[in-house]
Amino acid sequence: MPGRPSASRRTVLRGAALTPVAGLGLAACSGGGGGGGAPATPTAPVVLGAESEVAKGGAELYQDQKVVVSRSEDGSLKAFSSICTHAGCAINKLDGTTLVCPCHGSEFDARTGKVLRAPATEPLNALSVEAKNGKIVAGPEA
Ligand code: FES
């Protein structure tokens with residue numbers, strides 16, 4: 001015959017419920033079809049790297065600065081924001097002169113900023129760019 005445990009043994013488990021909900025973490029581009037433009041372009045000139053890094057006919061992606069620079073065959077430079085105009089993801093892949101957005105697969109031409117593949121429909125934001133003392137400097141469009 002088991003003796004009943006006396007009812008005095010209350011388990012009090014308060015406090016455990018106070019854990020905050022973490023995890024707003026990496027919802028990088030949940031989308032929402034925003035529109036509203038993708039402003040994240042440099043607001044002041046930024047130095048990207050050595051001029052020699054961008055070959056004629058080639059392009060270079062500067063992920064930290066969120067800028068892509070390309071050079072035409074005649075040697076002139078062009079720069080665009082590498083923020084995707086679809087839902088604002090930072091583009092992290094450059095395949096030759098084609099930028100590929102990791103979020104929904106839009107592709108852009110790094111030489112013109114034009115959309116090569118949907119869902120994006122707007123071209124990348126153009127930036128001003130120049131070579132100064134052997135360095136590439138990009139900034140807001142003049
Ligand atoms: S944010 Fe959707 S394709 Fe780039």
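This text walks through the predicted model, from its overall make-up to its two sheets, its core and one loop residue.

The model is predicted, so local features need pLDDT of at least 70 and side-chain atom pairs count only at pLDDT 80 or more, while totals for chains, interfaces and linings use all residues. Residues are numbered from 1 along each chain as its sequence is written.

Start with confidence. pLDDT is the predictor's confidence in each residue, from 0 to 100. The protein has a mean pLDDT of 82, and 71% of its residues reach 70 or more. Over residues 11–39 the pLDDT is below 50. Beyond near neighbours in sequence, that stretch has 12 contacts in the model. Two residues are in contact if their C-beta atoms, placed from the backbone, lie within 7 Å.

Now the overall make-up. The protein has zero helices and 10 strands. Helices (H or I, at least four residues) and strands (E, at least two) are DSSP runs, numbered from the N terminus. Of the 142 residues, 27% count as buried. A residue is buried if 20 or more other C-beta atoms lie within 10 Å of its own, exposed if 12 or fewer, and partly exposed in between, with C-beta atoms placed from the backbone. Contacts also link distant parts of the sequence. Among contacts with a separation of 6 or more, 46% come from residues 24 or more positions apart.

Next, the sheets. Strands of a sheet pair through backbone hydrogen bonds, either parallel or antiparallel. Here, two strands pair if DSSP finds at least two bridges between them.

One open sheet has six strands, in the order β1-β10-β9-β4-β3-β2, with antiparallel pairing. β1 (46–50) and β2 stand at its edges, each with a single partner strand, so one side of each is left without a neighbour in the sheet. The twist averages 25° from one strand to the next. Axes for such angles are lines fitted to C-alpha atoms, for helices over the stretch in contact, and angles run from 0 to 180 degrees between N-to-C directions.

Walk across this sheet from β2. Strand β2 (residues 59–62) pairs with β3 over four bridges, in the antiparallel sense. Y62 stands opposite V67 in β3. The hairpin of β2 and β3 has four residues between the strands, and K66 takes a positive phi near 60° there. β3 then pairs with β4 over five antiparallel bridges. V67 appears again here, with S81 in β4 as its bridge partner. β4 and β9 are joined by two bridges, also antiparallel. Across that pairing, F80 stands opposite A126 in β9. Five bridges join β9 to β10, which run antiparallel. A131 has I136 in β10 as its bridge partner. In the hairpin of β9 and β10, two residues lie between the strands, and N133 takes a positive phi near 50°.

The core draws on these strands. The largest nonpolar core has 24 residues. Such a core is a set of buried Ala, Val, Leu, Ile, Met, Phe, Trp, Tyr and Cys residues joined through C-beta atoms within 7 Å. The residues with the most contacts inside it are V67, V68, V69, A79, C84 and A138. β3 (67–71), β4 (77–81), β9 (126–132) and β10 (135–139) each supply at least two residues of this core. The largest share, three residues, comes from β3. A79 shows how the pieces meet. Not counting residues up to four places away in sequence, A79 touches V67, V68, V69, L127, V129 and A138.

The other open sheet has four strands, in the order β5-β6-β7-β8, and the pairing is antiparallel. β5 (93–95) and β8 (115–117) stand at the edges, each with a single partner strand, so one side of each is left without a neighbour in the sheet. Neighbouring strands are turned by 30° against each other on average, direction ignored. Strand β7 (residues 107–109) and β8 run antiparallel and are joined by two bridges. One bridge partner pair is E107 and R117, the latter in β8.

Finish in the loop between β8 and β9, where P119 is found. P119 is partly exposed, with 16 other C-beta atoms within 10 Å. P119 touches H86, H104 and S106, not counting residues up to four places away in sequence. P119 and S106 are 13 residues apart along the chain, yet their C-alpha atoms are separated by 5.7 Å.
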